[in-house]
Structures are given as C-alpha cells and as structure tokens.
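Please read the following account alongside the sequence and the coordinates. It proceeds from individual residues to the interior and then to the enclosed and open spaces.

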Amino acid sequence: MKKDTQISEKDDKSKLDQKAEEQMIQEKVKILDQAFFALNFYPVATKEENMNEAREKIKEIYTKGNETIKQIVLYMIHENVAKVNELKVMQNFEYHKQKAPNLETAQIRANVYKGMFNYTASLEGIIELIKILGELPGTDAAKILTYHFSVFSGIEIESMHILRNAVIEALGDSAAPYALKCLLRYARYSDSEMLAQRIGASIIKWDEKLESMKLPKNEKDELKKSLSEVITQELGGKHYG
C-alpha cells in the first residue's frame, strides 16, 4: 500500500508540473503575440520606442526560456520572415479575395490594409527580424539564418539579394561558432565579388571577438587558422568594412 501511495503522489506531482509548464508556455506565447503585434504595426500604429521594447522582449523570452520556448520563438520569427513570398504580388482586394473568398468585403479590405502597412510584410521589417535572429544566442538561431540565406540565394531578384545580404550581416553579429563556420564556407566557395566583400565584413567581426569566446582550445585554434586563411587567401588580406 505504501508503495502504491508513493507512486500515486509521484504521478500527481508530475501532472501538476506538466500543467504548470503548459500554463507558463501559454503565458509566454501571449506575451510573444503582443510583441509581434507591436512589431507588425510599426510605424503606423506602434511608436519606435514600443517596437524596440517588443524587440527586446522577444530576445529576453528566448534567452531565458527553456527549449520549448526557444523553438516557439524561432518558429514565430520564421513564419514572419516567410512572408517574403508575398512580396512578389501586390496586395489588393482581388488578391485577398482569392485567398479567402468567403470573407466579408469589409474584412477583405481590412486584410488589404494590413498587407500594406504591416512592418514585417516589407523588406525593412523582414530585415529587422533577421537582425533579431543574429542577436539570439545559440546554434539554433544561426541555423535558421543559414536556411534563410540558402532560400534567398536561390532567387535572383533584387529583394532577395537585399535579404541575403542582411543574413550575412546577422551571421557576423551572431555569437554562435556555427555562424562563423558557415561564413568561412560561403567565403571559400562564393564567386561573387560583392557578396565576398559582405562576407568579409562579417568575418572581420569574428576576427575581433573570437579570442574572447569560451571554446575548447583546439576548436578555437582551428577556427582562427581558417579565419586567417580566408582573409589572406580568399579575401586578399583586405579588411572589408
């Protein structure tokens, strides 16, 4: 009987812990929704101060959150960056009517309005999200950046070039060694002079901060060697700024 009672108490505690975690996640998601709302409606209905506060709140929740929270933040950022697909079409009444033909006329017009003014539905807003990714700690955020870079690089239009360049800059701001490894690889295999210069500018940022990073000595030495080789051989020893 005593053993059965202990098992029952353990199960009850586990259920309570799970419920508490689910509630915590719901609360964080609610805060994130509010933060992304503030971002989306800058500069029309959100002041710059509030947008900056939302930006910092997203970073804070990610940095302090558990693995589940981190994945939710990355998912929400990615979903907004993926709106880049809609940049190929001018948003108007017919466009939104085709997407949702059963909506009332007033709601369709409201959707057109949102499409016109949403910050993250324009290049500058998507760049803002890319910059946030570059400031998030850990490898996961850097990996999302390299995924976006791969997609943007496969589309030869000016808007994708702009976003691709923003990703390269964000990888330079990242604190994840994975970001540096990717930059080094891009530098080695890119045959674009302009892209190489942008990659070089981001690699120089790593040249300045790599020494202070807490990494195993052999890994740090290997990265320093690769970085030096790319700067001297691939980039001609020039510091691009």
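Is His 96 buried or exposed? The model under discussion is a predicted one, and in it His 96 has a relative accessible area of 8%. His 96 therefore counts as buried, because the cut-off for that class is a relative accessible area under 20%. The residue belongs to helix H4, which spans residues 93-99. Once residues up to four places away in sequence are set aside, the contacts of His 96 are Gln 91, Ile 108, Asn 111 and Val 112.

Glu 27 offers a second case of the same kind of reasoning. This residue is located in helix H1, which covers residues 2-40. Its relative accessibility is 44%, and Glu 27 is therefore classed as partly exposed, since that class lies between the limits of 20% and 50%. In sequence, Glu 27 is separated from Glu 49 by 22 residues, while the C-alpha to C-alpha separation in space is 23 Å.

The interior may be considered next. The largest nonpolar core comprises 57 residues. Within this core, the members that touch the most others are Ile 58, Ile 77, Ile 130 and Ile 203. The surroundings of Ile 58 can be given in detail: apart from neighbours within four places in sequence, Ile 58 is in contact with Leu 32, Ala 35, Phe 36, Leu 39, Val 73, Ile 77 and Ile 132. Ile 77 thus appears both as a contact of Ile 58 and among the core members with the most such contacts.

Attention now turns to space that the protein leaves unfilled. Across the whole structure, a search returns one cavity of 30 Å³ or more. The largest cavity holds about 50 Å³ of space. Its lining consists of Val 84, Asn 85, Lys 88, Ile 155, Ile 157 and Met 160; by class, four of these residues are nonpolar, one is polar and one is charged.

The open spaces remain to be described. The largest pocket contains about 280 Å³ of space. It is lined by 13 residues, of which Lys 181, Leu 184, Arg 185, Leu 223 and Ser 226 are the closest to the centre of the pocket. Helix H9 (177-189) and helix H11 (217-234) each contribute at least two residues to this lining. The greatest share comes from H9, which provides eight residues. In terms of class, the lining of the largest pocket is made up of seven nonpolar, five charged and one polar residues.

Terms used: Residues are numbered from 1 along each chain as its sequence is written. This is a predicted model: local features need pLDDT of at least 70, side-chain atom pairs count only at pLDDT 80 or more; totals for chains, interfaces and linings use all residues. Side-chain values use heavy atoms; hydrogens and water are left out. Helices (H or I, at least four residues) and strands (E, at least two) are DSSP runs, numbered from the N terminus. Buried means under 20% relative accessible area, exposed over 50%, partly exposed in between (1.4 Å probe, protein chains only). A nonpolar core is a set of buried Ala, Val, Leu, Ile, Met, Phe, Trp, Tyr and Cys residues joined through side-chain atoms within 4.5 Å. Contact means heavy atoms within 4.5 Å. On a 1 Å grid over the protein atoms alone, a cavity is a set of points where a 1.4 Å probe fits but cannot get out, and a pocket is an open set with protein on both sides within 12 Å along at least five of seven lines; lining residues have an atom within 4 Å of a point. Grid points are joined across faces, edges and corners, and a volume is the space filled by probe spheres set on the points. Ala, Val, Leu, Ile, Met, Phe, Trp, Tyr, Cys and Pro count as nonpolar, Asp, Glu, Lys and Arg as charged, and the others, Gly among them, as polar.
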